[in-house]
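Biologist: I have a few questions about how the labels on this model were chosen. Could you take me through them?

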Amino acid sequence: MTRLAASHLTCLRGARLVFEDLGFDLAGGGALLLTGPNGSGKSSLMRVLAGLLEPFDGSVDLDGTAAYIGHHDPVKPTLTVRESLDFWAALYGADASDVDAALDQLALTDLAPIQGRLLSSGQRRRLTLGRLLVQGAEIWLMDEPTVGLDTAAVKRVESLVAAHRAAGGIVVLSTHIEFALPGAQTLDLGDFAPGRAVDRAGEAA
Amino acid sequence: MTAFLAVLTRDLRLALRQSADLALVLGFFVIAASLFPFGVGPSPEILARIAPGVIWVLALLAVMLSLDRLFQQDLADGSLEQLALAPVPLSITILAKVAAHWLTTGLPLIAVAPVIGILLNLPPDGYVTLLVGLALGTPTLSLIGAVGAGLTLGARRAGLLIALLVLPLYIPILIFGVTAVDAVLTGFDARAHFLYLAAILAAAIPLAPLAAAAAVRHGVEG
Amino acid sequence: MHRFANPSRFMRVADALLPWMIALCLPLFAAGLYYGLYQSPADFQQSETVRVMYIHVPTAFLAQAAYVVMALGSASFLIWKHPLGDLIARSAAPVGAVFCFVCLVTGSLWGKPTWGTYWVWDARLTSMLILQFLFFGYLALANAFDDPARGDKPAAILAVVGIVNIPIIKFSVYFFNTLHQQSTLFGDLMGGSGDAAKSVNQPDIAAAAAEQGSALAPEMLLPLMLMFGAFSLFFLILLVLRLRGEWASVRLRALRAGFRPAPEEV
């Protein structure tokens, strides 16, 4: 059973404590929406969950495979859309039909022979999301997946996320715009800012 | 193996589609070599004496100058962190990237080296030894370079820093490569030199990617 | 926080030992200098310049020891994630670099009257020079990041890579020497025994001083040993002092990062 849980997570970035004593528990089909002001550690949390950043304290319990979308679009200026996806497919053991499906689901089929340098920022973002589909992971960690996307594309991503959850997948998502995520848990990173943990303990007592 | 080939073809493709960058490295190699006759005088004897050393030192510098290609671009656009998260061991990915780096840097340098040999009046007996030495030595330069490139990810003045880290580690390759040619030109055998170069290469193939992987993993922490 | 609490016990022990080390180090230096400068004979061939040996040889040894300490600390930091290893490595590096530099300078000062030149690409000098480069590389990398804590792991990896490479570098440098220095400046010094292998193995100061007898004369050995002890203690003292500084800056960063003392401690 797919599961993603974290307990007592504390994150240190450079000389700064970003958040402390953070926890949540997600089962298959679950979703977590991260909110909080800039610098509250949404991206850091994503990177910790993805395994890119080691938590200073606490633990992440991850059952299943995870795919991560960060702020960057790993799009090479000289590779075509299809070449990019083919590469990630080869890396993750997916085959050509998965690439075709991903192109289709993100309305990239017409752009398949286009080189990355000619893509608009929204198109690059869609290519990044295409990689997510090709990976076929059970847990999606999506840091601002909708940056640069138009409304139609956002709707598309919403339905992809819904389908993923319906199939038993888990989604952790942060966004600055409206994003339909029915039944999602919400985690306000501001609640876990350093020092607040002590306050919460005080309130409880 | 599929993943290794996938990374290799991707990096080769990326390098070949920006072949102007490759030409830059070769251009540096040739132009820098042509400075030496101006620096030490055009006497054929002196040039012949320093030719193996000049070619080796410049090959070393050319490889070093192209090291930023290994990870820098992938770090900037977020590809590197995705490569680090992929189910393939990162050291295998790095080995593939190093192979691509050597095929697009070391190999062209070997192809151009005889031209510089002619410019610097390298005696005819030295060419084969020079090329065999370069063939055995330049892959190690790329491997050690990958460690340096990984370590300097995210550092200030990374390009200059790589030089400081990597050049001392290049010294053994330089010594065995140059003395091999010197040995042959003075009537000795270069087999021992080749064996040392091969031994270092054999040790670097498994070890350097491991160290580079540890460095890259830290580098993508961001 | 457990990660920061670890080295404090070690630091307490080191702090307690520090005055004893200083108390032992000063008389050793005094005795070593006295015997070295007044109570030992000038060398038959090298005359008074042989006295450089009493500084040169201990610093050469300690510079290499410092690199080993650095690499061991770095390895323990990488393997067990023990912050003390990183602190020790970071503390040892500049001390080792300075000892290495002193060794090179004294070596070349000795070289001028003995070899007639300040610098010779002999195997030992070259090895020390490369060791100096390795120290520089470590220090540059450790301090090349905007966030000082970010340099710890790359620097540690570099130290370990360096120690793996040192034997190869040394071997290649000796190899280089046997080929390039077959009839060298040392020919005269070695009493005409221009044999390549010998000229490679003997141009060091101590070896050259030992040349006349099969071993170093006891009058020379005593001050050398005293200076060895004094410099070793001096090295440890500097290491502890640097450790204090590094440890303080780590704690300072921890405080800045928001690890305030628990309420009852305020």
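Biologist: Happy to start small: why is D21(A) called partly exposed?

Modeller: This is a predicted model, and in it D21(A) has a relative accessibility of 34%. Buried would need under 20% and exposed over 50%, so D21(A), at 34%, counts as partly exposed.

Biologist: And what is the phi of D21(A)?

Modeller: Phi is near 55 degrees, a positive value in a residue other than glycine. Most residues other than glycine have a negative phi. D21(A) sits in strand β2 (residues 16-27) of chain A.

Biologist: What makes N121(B) partly exposed?

Modeller: The same kind of reasoning applies. N121(B) has a relative accessible area of 35%, and partly exposed lies between the limits of 20% and 50%. N121(B) also has a positive phi, near 60 degrees, and its place is the loop between α7 (106-119) and α8 (126-151) of chain B.

Biologist: Why is helix α1 (residues 42-50) of chain A described as mostly covered?

Modeller: Eight of its nine residues are buried, and buried means under 20% relative accessible area. Among them are K42(A), R47(A), L45(A) and V48(A). After α1(A) comes G51(A), with a positive phi near 95 degrees.

Biologist: Let's turn to chains C and B. How do you know that R156(B) and D146(C) form a salt bridge?

Modeller: Their side chains meet at 2.8 Å, N to O. The rule asks for a Lys or Arg side-chain nitrogen within 4 Å of an Asp or Glu carboxyl oxygen, so the pair R156(B) and D146(C) qualifies at 2.8 Å. Across this interface the rule finds one salt bridge, along with six residue pairs in polar contact.

Biologist: Which elements give two or more residues to the side of chain C that touches chain B?

Modeller: They are α5 (123-142) and α6 (152-180) of chain C. The largest share, 16 residues, comes from α6(C). By class, that side of chain C has 19 nonpolar, five polar and four charged residues.

Biologist: How much area is buried between chain C and chain B, and what share do carbon and sulfur atoms give?

Modeller: About 2,500 Å² is buried, with carbon and sulfur atoms giving 75%. In chain C, R150(C), I157(C) and F175(C) lose the most area to chain B, together 21% of what that side buries. The contact takes 28 residues from chain C and 28 residues from chain B.

Note on methods. Residues are numbered from 1 along each chain as its sequence is written. Chains are lettered from A and ligands numbered from 1 in the order in which they are written. This is a predicted model: local features need pLDDT of at least 70, side-chain atom pairs count only at pLDDT 80 or more; totals for chains, interfaces and linings use all residues. Side-chain values use heavy atoms; hydrogens and water are left out. Contact means heavy atoms within 4.5 Å. Buried area is the accessible area (1.4 Å probe) that two parts lose on being put together, summed over both. A polar contact is a pair of N or O atoms within 3.5 Å; within protein, one must be able to donate a hydrogen and the other to accept it, and residues adjacent in sequence count only if both atoms are side-chain atoms. Helices (H or I, at least four residues) and strands (E, at least two) are DSSP runs, numbered from the N terminus. Ala, Val, Leu, Ile, Met, Phe, Trp, Tyr, Cys and Pro count as nonpolar, Asp, Glu, Lys and Arg as charged, and the others, Gly among them, as polar. Buried means under 20% relative accessible area, exposed over 50%, partly exposed in between (1.4 Å probe, protein chains only).
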